[in-house]
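Me: I would like to learn how to read a model with several chains, moving from overall shape to single residues. Could you take me through it step by step?

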Amino acid sequence: MYDVIIIGGGVSGAASARELSRYKVNVCLLEKEHDVCCGTTKANSAIVHAGYDAANGSLMAKLNVRGNEMMEQLSKELDFPFKRNGSLVICRDEEDMPNLQALYERGVQNGVKDLRIISREELVEMEPNITDDAVAALYAPTGGIVCPFNLNIALAENANVNGVEFKFNTEVIDIKKVDDHFEIQTNNGVYEAKCIVNAAGVYADKLHNMVSENKIHITPRRGDYCLLDKTAGGHVSKTIFALPGKYGKGILVTPTVHGNLLIGPTAIDIEDKEGINTTAEGLQEVISKAGASVKNIPMRQVITSFAGLRAHEDGHEFIIGEVEDCEGFFDCAGIESPGLSSAPAIGEMVANILKEKMGLEEKEDFIATRKGVLDPEELSLEERKQLIKENPAYGNIICRCEMVTEGEIIDAIKRPLGATSLDGVKRRTRAGMGRCQSGFCAPRTMEILARELGVDMSEITKSGKGSEIIVGTNKDRL
Amino acid sequence: MEKRELICIGCPLGCMLTVELEGAEVVNVTGNTCPRGKTYAEKEVTNPTRIVTSSVKVSGGDRVSVACKTKNDIPKGKIFDVARALKDVVVEAPVCIGDVLLENVADTGVEIVATSTAKRK
Amino acid sequence: MKSYDIVIVGGGPAGLAAAASAKENGIDSILILERDRELGGILNQCIHNGFGLHTFKEELTGPEYAGRFIEKVEDLGIEYMLNTMVMDISTDKVVTAMNREEGLFEIQAKAIILAMGCRERPRGALNTPGYRPAGIFSAGTAQRLVNMEGYLPGREVVILGSGDIGLIMARRMTIEGAKVKLVAELMPYSGGLKRNIVQCLDDFNIPLKLSHTVVDIDGKDRVKGITLAQVDERNKPIPGTEEYIPCDTLLLSCGLIPENELSRGLGIDMEAVTNGPIVNESLETSAEGVFACGNVLHVHDLVDFVSEEAAMAGKNAVRYIKEARNEEVARIDMVPTDGVRYTVPKYIRLEKMEDTLTVRFRVGGVYKNCYISTYFDGERVMKRKRPVVAPGEMEEIKLSKAKLAEYPNLKTITVKIEEA
């Protein structure tokens, strides 16, 4: 019997786990996929919003601003890439200026710092590639960009180091309240817990509705994106949003924290909670609309496209707290944008609620910091030479595009909650995320995975069971 | 009289060749723009042959397999027989380019030779 | 810091031929840096035959062709380092490299030859919609898995792109026991050699669907199928022509891109059409003493031409080291037009030119019964009749120094396709 079972290893679940791990409490996290960061968290805009977007007084607004404030400190504690690059909302028509002004005022009300409206001149100075018809912009210096994978992974690793158990490939089938605790039926047996945190992303409605009569409904809202090569990463320096106006809701253009250029997303409501397929129309929309705010985007530099699902709850608000008609069941649902930005604050809020509820005490030996996968490129020349002397694997480049060494890949596999798949290695080290999209390094990364995990090459997957890379050996069916 | 259509492989032009046959004998080739087309067509309809390239497993080597080929052309119809004959072949390292790995593969009278090297581990 | 007269980045066919040629032209201090565990480059995984007809007058497989050059490099006693990645090249020709044994180290060179080769265009560049499951490979990745490691990446295969690698892999996968269902090609013609269409597809009854593309990829964990559609003359899918093809694997063979990260880091001027450096008649880039050859310069059709071009780069690097540099010399610009997409070299300095110079290029479409014409300024000085030229095959013209010398104020040489 666990004190708390968290369902879902995305950023909300991991943040909740990490914050709960500060306390003397027995926590387990169940994840249906083979790794953390496999759902909504793996495919989004990778933005830390400033917080001017959400309605005044909403939980979204509160947690966005709080999460944004916490992000920088957290990125230092847990060693994940985060950059406060600032964001701009572009107004392309004098007629829309009242909307820009309203956005500014909402932001000020929400507590966003240093917001200001800037003229076209200042805007062009900041972003020379801005569209010629931009008339003004809302500038939010607190806006930022983050690596969503490493944010999620860092939170999970740190939670794990502080005692949270993680069960992967464990899908919840049913939840029953029995006396004062829950029985959670999964494909891997029954788990028991006093409390449940429902952080199941697009499936949070399904879990909620298993225990509550007050039904909620989550629509997977798909967003298509295109990712451009690092050679295009300097096209803009800030995150560029289009002001919703007579051109409809716009497409953002942003550098990523690793130096690529990202454009997207679309917003298409679908039924399939696993429907992360891009469509021709979606990609076309991304490409055509991105050009509305930023000119001359080098679309020939696209290296991949992908789609993610936002967990859009009908009320368009975060639902965080104990379910009224099911004591001990805590929702962390409807976490769509600005969910990533809010994640640190969401974790804090969930932990505080449970602390109150269960009367939790703080641990003395909580480990607040975590070191990420060592990136030799951040070392000085001398340090790097020394590192290779001590561990020659850091002298062996596996991924040529992102210059990832064998040492980093081994680290990613061997660390707590280490990578077990190509995608797992990719999200932890960027091996395979560059311009050749793993063409060169996939066979070599597979070899390293097989060796380090002590399994056969045929068992190596792209992203968990069912996604095996190779299907046999030469002539095996001749 | 039998007629067969072929695409000439001599150059990118890819002439559509028509070959007229009397039994096994070529009586006429049309559609070719140069003499190479005729030669190709005659060979291709009477005795089409191919070099087969593949790989075989290596034991005790610095790599798991070496590349190989049929030393000469084999009849086109025997391509899969050759492949099947290579299925269970395991050669011991070291292997050098040109080493004979299998004689008379699939009764073609042709040797399988190594086309890459494997050193001893 | 170690120092060498010539440092060659890449030990594939270009690097090997450049090294041998430099040595034969009188320079001993040469170092080849190779990132893979053996010399030979991508030829090692090209185990099919058809290489070397021009160079050796016989048909070799890729590893055999590489083997001949490796032997030559060994016999000439040229130094090389394996498993060594070049991290950076500075404008004063300091090469920073890294490997397990020596860590990060620097080498001072007098001349540098870039021979890094090319890589495949990924799916992203095609913007193919659908899921992103396991089972989508570039043809080259599949080639490595099958040919070098003995693994089958799929059993029921669709190949997108009919370039030679795609065609060759159709045959290789078939011979190893996979079922290749079809090869789809966006263009109305194949980018591959006729010979490969016949011997890799027709021999095995594999359909080639011209003017078709993949418009959707199905399967959340592993590819379950793809949707194929016909495209119109603007290469846009035609609604209503969609066909679902069940398969577990999609191989992409959609073009090659020269790998010029190091060149860009060096600030070398690049040619937008080829994605390779702009070079002069000596195959020297805009960085003095830095030469380029092989697929890093422009993607070749036959390795024989890579070897030939690389030998010239090696020879010119030697000349660069041995001869005094000279100041500004007049340059003649090469102008590709009317169907000719680019030329290598891009400009010529008459003083530095050999007696004859091979200018290589590719055309932008299929032209039948045409002339390849060469104009010196406004005057047509050469025309060569060709029954057909196609984008899949590299073309060339030869310029003679004597002829150029007859035109003392020559500014441009134009190469174009004209109707015969």
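Reply: What follows goes from whole chains to an interface, then to a helix and a loop residue. This is a predicted model, in which local features need pLDDT of at least 70 and side-chain atom pairs count only at pLDDT 80 or more, whereas totals for chains, interfaces and linings use all residues. Residues are numbered from 1 along each chain as its sequence is written, while chains are lettered from A and ligands numbered from 1 in the order in which they are written.

Me: What radius of gyration does chain A have, and what would be expected of a compact globule with 478 residues?

Reply: The radius is taken over C-alpha atoms, and the globule rule is 2.2 Å times the number of residues to the power 0.38. For chain A the rule gives a value near 23 Å, and the 22 Å of the model agrees with it. The C-alpha atoms fill a box of roughly 60 × 55 × 50 Å along the principal axes. Buried residues, defined as those with 20 or more other C-beta atoms within 10 Å of their own (exposed means 12 or fewer, partly exposed in between, with C-beta atoms placed from the backbone), make up 58% of chain A.

Me: How does chain B read by the radius of gyration rule?

Reply: A compact globule of 121 residues would have a radius of gyration near 14 Å, but chain B has 19 Å. Its C-alpha trace spans about 60 × 30 × 15 Å along the principal axes, and 38% of its residues count as buried. An automatic or database assignment, the source of the domain bounds, divides chain B into domain 1 (2-47) and domain 2 (53-114), and the C-alpha centres of these two domains lie 31 Å apart.

Me: Which elements of chain B give two or more residues to the side that touches chain C?

Reply: Two residues are in contact if their C-beta atoms, placed from the backbone, lie within 7 Å; on that basis 22 residues of chain B are in contact with 23 residues of chain C. The elements in question are strands S5 (53-59) and S6 (65-70) and helix H2 (79-86) of chain B, where helices (H or I, at least four residues) and strands (E, at least two) are DSSP runs numbered from the N terminus. The largest share, four residues, comes from S5(B).

Me: Where do the buried residues of helix H3 of chain A lie around its axis?

Reply: One can begin with length, the expected span being 1.5 Å times one less than the number of residues. For the 14 residues of H3(A), residues 97-110, this gives 20 Å, and the end C-alpha atoms are 20 Å apart, which agrees. A:Leu100, A:Leu103, A:Gly107 and A:Asn110 are buried in this helix. They cover an arc of only 85° (from the directions of the C-beta atoms as seen from the helix axis), so they are on the same side of H3(A). These buried residues pack against helix H2 (59-78) and strands S5 (87-91), S6 (116-119) and S7 (136-140) of chain A, whereas the face turned away carries the exposed residues A:Pro98 and A:Ala102. After the helix comes A:Gly111, with a positive phi near 95°.

Me: Is C:Glu233 buried or exposed, and why?

Reply: C:Glu233 counts as exposed because it has 7 C-beta neighbours inside 10 Å. This residue lies in the loop between strands S16 (225-230) and S17 (243-246) of chain C. Its C-alpha atom is separated by 8.7 Å from that of C:Met187, 46 residues apart along the chain.
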